[in-house]
Amino acid sequence: MTPFPWLTLLTFVPVVGAVVVLLFGRRGARPIAIGFAVLSLLVTLVLWRGFNHASGDLQFVETHAWIPSLGVQYHLGIDGLSLLMLILSAIVTLIGMAASASIEKRVPSYYALVLLLQACLFGTFTAVNFIHWFLFWELALVPAFFLIALWGGERAKPAAMQFLVYTMVGSVAMLLTFLALYFSTHTFEFAELARLTQSGQLMPVVNAALGGHWITAPHLAALLFAGAFLGFAVKVPAYPFHTWLPAAYSEAPSGTTAILTGAMSKMGLFGFARILLPVFWPEMQRFATMLLWIGVATIVLSAFAALAQKDLKRIFAYSSINHLGFCLLAIFAVARFSGSGALADEQYAAMNGVFLQMFNHGLTAATLFWFMAMLEQRSGGRRGLDDFGGLRKIMPVFAGLMGISVFSSLGLPGLNGFPGEFLLFKGTFPLATWSTALALLGLLATALFLLRILQRVFSGPLNPRWATMPDLSTRERVLLVPSIALMFVLGLYPQLILVFVNSTAIHLVQGLHL
């Protein structure tokens, strides 16, 4: 009996939703879009309920011939990390929609694009054949570009264009890499490419097919690795490929930014962990020192850049780069050693920390931009660090709940940010001691700029201009409860996630051998 195609259903639910939203027009656009987003979340929970967490192999696999002559298959499957990212994408999309209540122009088009972006996220996290996966990876740029350009701020169009150009350049480089691998190995399957790497055959086969007197085998391997690395590094983004992000996040509507930072940025980290690490592990080990410096720079420089900002959205934008930098550092540290060595337990801890941090950052960052959307709506679009002051006196509930989210981002014990950061440091310190020690400078700067937000926005004398600013309504409080509650639940019981991703972490680490 053929198993039910849950992953195909999940991918097409938001596509159907986008069509229905456009057909019904402005009046029903928002509730219909939210309805389909809730349906998508329910499907991910069905997957979660039926997932065998003891296995690190792909589950819910769907395989159909697509273009056999080119090695292209309709091939879907999920492991623990994929499942986690599907649930995160479903949650973050709902947060983004909740934060988009103030959207008033071209409402059906806006929500249709949000649903199409969600479909592309689902496709990226489930496809395991490169061409199939790359289609969703690239298609995600289209709705994201228009969401920024058409509903963003005064400089939204240049920001959207910069975002598009950066990501397209990275994608072209990655496409060339995998085309080279296909012409050498005749496969687009990620699992088969990883198997060739583990057996030590991938680069010899590639060199035999493409090498020659004009390029040596080590240089060819480095060139292919650089192409794949660039594609993922731009999407996260890592320094120095990050300059598109602050402009895009600050100019996009806050609801869109919630989805970009909460889910779309995880596409890059997902690619590092599930594609680059298994396929290019020897090259990552070869360039380990350079990669670790990139990880440290991503953490430290972005944190100090956040300290220099006066725009709250730009502060949170740089904060996003900073937090994801810890995930990059951990992945690069794990790649330094064989998965069967004496440091295997530390590698398992680091990878579990990466997965947990990916989810927790997505939840917390999306919620923070939700608060930004509500603050902008009440202040007429103002979001300067010095525009406010003393808001906790008139908005105690808003200040308290946003304060919880800020402390979650800071990694306060008891909230969801702490377990992931603890595992990251526990695993990374023995693997790359000096890099982890330097990264602590970024952690210190993070505390400074996050606490400064609480001080400047909520403490001190009340700005008379905001004396009548309303606190959260009952409806807003009810909508925020699930996100805030989840921060406490995952902070106190991270096993809720770890039990599903641990086998995947072990499977990935044990694949790091020749």
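In which sense do strand β1 and strand β2 pair, and over how many bridges? That was my opening entry for this predicted model.

**Entry 1: the strands**

I looked up residues 59-67 (β1) and residues 72-78 (β2), and they pair in the antiparallel sense over 6 bridges. I then picked H64 and searched for its bridge partner, which turned out to be Y74 in β2. The connection is a hairpin, with 4 residues between β1 and β2. I checked the turn as well: G71 sits there with a positive phi of about 75°. A reminder to myself for viewing the pair: in a regular strand, side chains alternate between the two faces of the sheet.

**Entry 2: salt bridges**

How many salt bridges does a search of the whole structure find? I got 7. I went through three of the pairs one by one.

R383 and D311 came up with their closest N and O atoms 2.8 Å apart. This pair links distant parts of the chain, 72 residues apart: R383 is in the loop between α15 and α16, while D311 is in the loop between α13 (288-307) and α14. Are these two buried or exposed? I found R383 buried, and D311 buried too. I also noted a network of salt bridges here, in which D311, E376 and R383 are linked.

Next I took E476 and R378, whose side chains meet in a salt bridge at 2.6 Å, N to O. E476 belongs to helix α19 and R378 to helix α15, so this pair ties together parts that are 98 residues apart in sequence. I logged both E476 and R378 as buried.

My third pick was R456 with D386, a side-chain salt bridge at 2.7 Å, N to O. R456 is in helix α18 (residues 433-458) and D386 is in the loop between α15 and α16, so again I have a pair linking distant parts of the chain, here 70 residues apart. Why do I write R456 down as partly exposed? Its relative accessible area is 30%, and the partly exposed class runs between the 20% and 50% cut-offs.

**Entry 3: cavities**

I searched the whole structure for cavities of 30 Å³ or more and got 4. The largest cavity has a volume of about 120 Å³. Which residues lie nearest its centre? I listed H323, H361, T364, A365 and S409, out of 16 lining residues. I then sorted the lining of the largest cavity by element: α14 (312-334), α15 (344-379), α16 (396-410) and α17 (417-431) each supply at least two residues. The largest share of that lining is 7 residues, and I traced it to α15.

**Entry 4: a nonpolar patch**

I finished on the surface, where V38, L39, L42, L45, W48, F488, V489, L492, Y493 and L496 form a nonpolar patch. Together these residues have about 860 Å² of accessible area. Which elements give two or more residues to the patch? I found α2 (29-50) and α19 (474-492). The largest share, 5 residues, comes from α2. I singled out F488, which has its place in helix α19. F488 is partly exposed because its relative accessible area is 36%, a value between the cut-offs of 20% and 50%.

Key. Residues are numbered from 1 along each chain as its sequence is written. This is a predicted model: local features need pLDDT of at least 70, side-chain atom pairs count only at pLDDT 80 or more; totals for chains, interfaces and linings use all residues. Side-chain values use heavy atoms; hydrogens and water are left out. Patches are made of residues with over 30% relative accessible area and no salt bridge: like charges are joined within 9 Å, nonpolar side chains (Val, Leu, Ile, Met, Phe, Trp, Tyr) within 5 Å. Accessible areas come from the Shrake-Rupley method with a 1.4 Å probe; for residues, only the protein chains shown count as cover. A salt bridge is a side-chain nitrogen of Lys or Arg within 4 Å of a carboxyl oxygen of Asp or Glu. Buried means under 20% relative accessible area, exposed over 50%, partly exposed in between (1.4 Å probe, protein chains only). Two strands pair if DSSP finds at least two bridges between them. On a 1 Å grid over the protein atoms alone, a cavity is a set of points where a 1.4 Å probe fits but cannot get out, and a pocket is an open set with protein on both sides within 12 Å along at least five of seven lines; lining residues have an atom within 4 Å of a point. Grid points are joined across faces, edges and corners, and a volume is the space filled by probe spheres set on the points.
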